[in-house]
Amino acid sequence: MKILANDGIAPIGKTQLENAGFEVITEFVPQEELINAINNNNYVAILVRSATKVRKDIIDACPNLKLIGRGGVGMDNIDVTYAREKGLHVINTPASSSQSVAEQVMGHLFGAARELYDANRQMPVSGLSDFKGLKKKYGKGIELRGKNLGVIGFGRIGQATAKYALGCGMNILAYDPFQDQATINVEVADQTVSVNIKTTSMDNLLANADFITMHVPAPADGKAVIGDAEFSKMKKGVIIVNAARGGVIDEDALIANLNSGKVAHAALDVFTNEPTPREDLLKHAKISLTPHTGAATVEAQDRIGEELAEQIINLLS
Ligand code: NAD
């Protein structure tokens with residue numbers, strides 16, 4: 001049985017599948033050529049990450065397809081309900097990415113608090129001619145320790161981020177309409193400290209958070225979770241991170257609130273119009289950016305590959 005891993009698969013997962021008798025093709029097929037490629041090569045499964053879309057057109061046109069696998073969490077690039085109605089297996093690897101996304105969020109928080117991202121942009125340009133000027137410009141950073149981190153969406157990644165933030169001495173204000181509380185186990189050396197966190201109201205979080213990080217799914221109605229109304233309730237000078245999905249924060253409202261000074265910095269890993277994000281976001285002096293790489297670590301890719309392989313072997317062998 002042949003499997004097309006169109007957005008790649010970690011070697012460990014590929015080997016596991018090959019050892020179980022599958023043939024795994026990792027050559028990328030452009031979206032518009034996928035139907036022909038799947039049918040002409042008799043692929044029984046297609047594995048994607050967030051780039052390749054598996055919509056109704058592909059599901060209808062490829063009757064031999066038995067399984068769609070998403071390496072990662074969000075399945076908004078797949079018509080999941082339709083595929084399952086048609087009898088296809090649709091699988092993902094929900095837990096594999098949490099640690100990596102959480103670490104990236106902490107990187108963005110540290111980078112924003114000390115304007116590391118902007119100092120990195122300016123040092124090659126004027127570090128020689130204006131070292132003292134840059135030293136002054138970037139000499140008003142803040143510390144994370146003792147500050148309030150608002151976590152919006154307190155599921156796997158929200159809790160993994162809270163674990164790191166607690167380890168850095170931050171206080172957690174979590175909002176999640178579907179979770180009342182969570183116990184976060186912070187591992188320090190060979191000890192585990194269990195911290196119980198009760199979720200709070202969105203208004204309390206917005207009013208008291210020094211930093212905010214988004215960990216909600218893409219809203220089904222497409223409506224942003226953070227728009228003008230929510231920005232107006234935040235502390236002046238708040239720093240906000242979005243490593244969830246583009247559109248979870250209204251991008252127009254974000255730019256307006258950065259320009260007014262209400263929001264000090266934003267860090268974005270995800271964008272409404274991927275893979276062609278707005279240029280005014282990309283070039284904004286108060287935004288640090290990564291190209292949707294929250295889960296893109298060697299360790300996460302290995303876990304994703306293994307988790308996909310195990311499920312495929314169980315379902316198709
Ligand atoms: P999860 O399902 O474990 O947690 C999401 C939480 O959000 C749930 O507890 C849910 O109750 C809560 N929630 C839903 N709607 C909400 C709302 N309006 N306000 C507050 N909370 C709400 O999911 P997860 O694994 O933690 O993933 C979270 C997000 O991260 C998803 O959008 C996912 O697509 C994204 N993600 C991004 C990357 C990346 O590369 N940047 C990688 C993996 C996942």
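Tutor: Let's start with a word we'll need: two residues are in contact when heavy atoms of theirs lie within 4.5 Å. Take Ser288: leaving aside neighbours within four places in sequence, Ser288 is in contact with His108, Tyr117, Ala266, Ala267 and Leu268. One caution before we go on: this is a predicted model, where local features need pLDDT of at least 70 and side-chain atom pairs count only at pLDDT 80 or more, while totals for chains, interfaces and linings use all residues. Residues are numbered from 1 along each chain as its sequence is written, and side-chain values use heavy atoms, with hydrogens and water left out.

Student: Is Ser288 buried or exposed?

Tutor: Here's the rule: buried means under 20% relative accessible area, exposed means over 50%, and partly exposed is in between (1.4 Å probe, protein chains only). Ser288 has 5% relative accessibility, so it counts as buried. You'll find Ser288 in strand E13. Those labels are DSSP runs numbered from the N terminus: helices (H or I) have at least four residues, strands (E) at least two.

Student: Which residues of strand E11 point one way, and which the other?

Tutor: Val238, Ile240 and Asn242 point one way from E11, Ile239 and Val241 point the other way, and all are buried. That's five of the five residues in 238-242, so E11 is largely enclosed by the rest of the structure.

Student: Which strand does E11 pair with over five bridges?

Tutor: Pairing takes at least two DSSP bridges between two strands. The five bridges join E11 to E12 (residues 263-268), in the parallel sense, and Val241 stands opposite Ala267 there. E10 (residues 211-214) also runs parallel to E11, joined by four bridges. In that pairing, Phe211 has Ile239 as its bridge partner.

Student: What do E11, helix H11 and E12 make together?

Tutor: They make a right-handed β-α-β unit, with H11 covering residues 251-260. To judge the hand, look with the strands pointing away from you: it is right-handed if the path from the first strand over the helix to the second runs clockwise.

Student: Which residues of H11 are buried?

Tutor: A general idea helps: an α-helix has 3.6 residues a turn, so residues three or four places apart point the same way. In H11 the buried ones are Glu251, Ala253, Leu254, Ile255, Asn257 and Leu258. They pack against helix H10 (228-232), E11, E12, helix H12 (279-282) and strand E13 (287-289).

Student: What happens at the start of H11?

Tutor: Look for a polar contact, a pair of N or O atoms within 3.5 Å; within protein, one must be able to donate a hydrogen and the other to accept it, and residues adjacent in sequence count only if both atoms are side-chain atoms. At the start of H11, a side-chain oxygen of Asp250 comes within 2.9 Å of the backbone nitrogen of Asp252. Just after H11, Gly261 takes a positive phi of about 90°.

Student: Which residues is Lys236 in contact with, leaving aside its neighbours within four places in sequence?

Tutor: Gly261 and Lys262. Lys236 sits in the loop between H10 and E11, and at 68% relative accessibility it counts as exposed. A polar atom of its side chain lies 3.4 Å from the backbone oxygen of Gly261.

Student: Where are the unusual backbone angles? How should I read them?

Tutor: Most residues other than glycine have a negative phi, and most peptide bonds are trans. Here, Glu115 has a positive phi near 55°; it lies in the loop between helix H5 (98-113) and helix H6 (116-126). His292, in the loop between E13 and helix H13 (298-316), has a positive phi near 50°. The peptide bond from Glu274 to Pro275 is cis, with omega near 5°.

Student: How many residues surround the ligand?

Tutor: A residue counts as near if one of its heavy atoms lies within 4 Å of the molecule. There are 23 around the ligand, the closest being Arg156, Ile157, Asp176, Val216 and Asp269. An oxygen atom of the ligand is 2.6 Å from an N or O atom in the side chain of Asp176. For His292, the matching distance from a ligand oxygen to a side-chain N or O atom is 3.4 Å. Taken alone, the ligand exposes 860 Å², and the protein buries 84% of that. Such areas come from the Shrake-Rupley method with a 1.4 Å probe; for residues, only the protein chains shown count as cover.
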